[in-house]
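Visitor: Please give me a close look at any enclosed space inside this model. Then go on to how its helices pack.

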Amino acid sequence: MSTLYLHIGMPKTGTSYIQNFLRLNNDTLKQKGYVYPDFGIRFGKIGINRNGHFLVSVIRDEDRNRLKKEEKRIENECFDKLFDLLDEYPNAILSEESIWNSGERTRGKDFWTNLRNRLNAHDVEIKVIVYLRRQDLFIQSFWAQHVKETGLSETIQEYLSGKRFKRLKLDYYDRLNTISDVIGKENMLVRVYEKNQYIGPEKTIISDFLTTVGLEYTDEYVQPPRLSNTSLTGIYLETKRELNKIEGLVERKGYIQDLIKKVVVLNDDVRPISSNEFMTGEEAVALLKRYEESNSNVAREYLGREDGKLFFEEQKITNDSLPEYTTSDYMNVIAQMIALQNTKSNETAELIRDLKAEVKELKEENKKLQSTVDWVTTSFPKKVTRKLKRILGIKRNA
């Protein structure tokens with residue numbers, strides 16, 4: 001029997017780094033009987049390392065109509081390739097973090113049943129890997145990412161009471177039970193996204209992941225470069241959130257994000273999001289309290305911990321209130337963005353001037369070359385012909 005290890009996130013738990021590692025080391029994995037397939041299918045802005053995206057992909061036409069038949073066609077194609085690979089390698093790994101939150105939303109309530117039945121029909125066992133992150137840390141990181149990269153303009157407090165938050169599966173016990181009711185608890189490989197809980201010789205998320213799938217971390221593996229992903233914190237994120245309210249700027253969200261990140265670097269203010277970056281201590285405690293029983297059940301039933309302790313890292317709670325920013329604070333960031341924009345515009349203008357000058361030089365060179373070509377293809381043959389006629393004429397007279 002073959003085994004499919006399906007890594008389903010959750011988001012904000014180092015999934016991109018794990019995926020990069022697996023793709024980079026696929027040849028080494030194959031030597032050990034594991035494969036991290038590239039099915040050759042691309043889904044717009046979805047990274048090529050997310051090889052399990054075909055399981056939850058949503059494809060639309062130009063009018064935003066969903067193309068379910070095309071989704072099914074691609075899904076069937078990828079499964080066919082997967083089963084062929086499993087004839088050659090006993091183990092395969094797929095990774096797609098959005099399955100945690102949206103598996104059923106995109107493929108229907110029978111997502112896990114259909115997946116299990118399809119694998120069983122080909123004598124393939126499934127093991128589901130999921131990393132859990134403490135809810136107060138997850139939500140701050142997740143919300144901040146969406147403010148930075150999309151048009152989200154809600155405060156985190158507004159976000160927590162809105163529809164978007166309700167879609168997130170933060171009751172871990174309930175979510176794990178939904179999956180394990182179909183595939184069995186023995187097939188759930190639950191891990192915790194905390195440095196002091198990683199296993200394996202290196203005590204990193206990579207050694208933890210490899211150990212979880214039955215491999216040992218060795219020097220054979222190559223570490224991928226760390227992704228450059230400047231976090232926006234403090235006034236910088238708040239400025240981006242306020243700018244997200246302006247419709248015209250939302251359409252250029254990537255450009256605005258790039259400018260703000262440059263301001264952060266310019267001010268040498270690059271730092272990770274802290275545990276109480278956007279929530280008060282009281283709010284963070286209340287949020288975690290909401291999931292206390294759920295987390296305890298996960299620890300006992302999925303990790304075998306009698307003390308019911310899922311997360312070891314203590315909440316760093318302060319009584320400090322959240323910072324209040326003035327108009328001057330916002331204007332300072334915006335002014336620096338404008339200055340960078342002007343610099344960028346000047347650099348672009350200078351580049352255009354240089355390119356125009358280069359094009360002019362190339363045109364002059366082209367004229368000279370064309371003149372030479374004309375002489376070689378027209379004047380020179382005529383000249384040779386006339387000379388040959390003269391020579392031949394002399395020979396005939398002789």
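**The cavity and two helix contacts**

Guide: There is one cavity of 30 Å³ or more (a set of points on a 1 Å grid over the protein atoms alone where a 1.4 Å probe fits but cannot get out). The model is predicted: local features need pLDDT of at least 70, side-chain atom pairs pLDDT 80 or more, while totals for chains, interfaces and linings use all residues. Residues are numbered from 1 along each chain, and side-chain values use heavy atoms, without hydrogens or water.

The largest cavity has a volume of about 130 Å³ (the space filled by probe spheres set on the points). Its lining holds 15 residues (an atom within 4 Å of a point). Nearest its centre lie Ile41, Arg42, Phe43, Arg50 and Asn51. By class, the lining has eight nonpolar, four polar and three charged residues (Asp, Glu, Lys and Arg count as charged; Ala, Val, Leu, Ile, Met, Phe, Trp, Tyr, Cys and Pro as nonpolar; the others as polar).

Now the helices (DSSP runs of H or I, at least four residues). H11 (residues 234-243) packs on H13 (residues 253-266) at about 160 degrees, axes 10 Å apart (lines fitted to C-alpha atoms over the stretch in contact). H11 is therefore roughly antiparallel to H13 (over 145 degrees). Tyr236, Lys240 and Leu243 of H11 meet residues of H13 including Ile256, Ile260 and Val263 (heavy atoms within 4.5 Å). This contact has six nonpolar, one polar and two charged residues.

H3 (residues 68-88) and H5 (residues 111-120) pack at about 40 degrees, with axes 12 Å apart. That makes H3 oblique to H5 (neither under 35, nor 65 to 115, nor over 145 degrees). Lys72, Glu75, Asn76, Phe79 and Phe83 in H3 meet Leu115, Arg118 and Leu119 in H5. Four of these residues are nonpolar, one is polar and three are charged.

Notes
Axes fitted to C-alpha atoms, helices over the stretch in contact; angles between N-to-C directions. Helix = DSSP H or I, 4+ residues; strand = E, 2+ residues; numbered from the N terminus. 1 Å grid on protein atoms, 1.4 Å probe; cavity = no way out; pocket = protein on both sides within 12 Å on 5 of 7 lines; lining within 4 Å.
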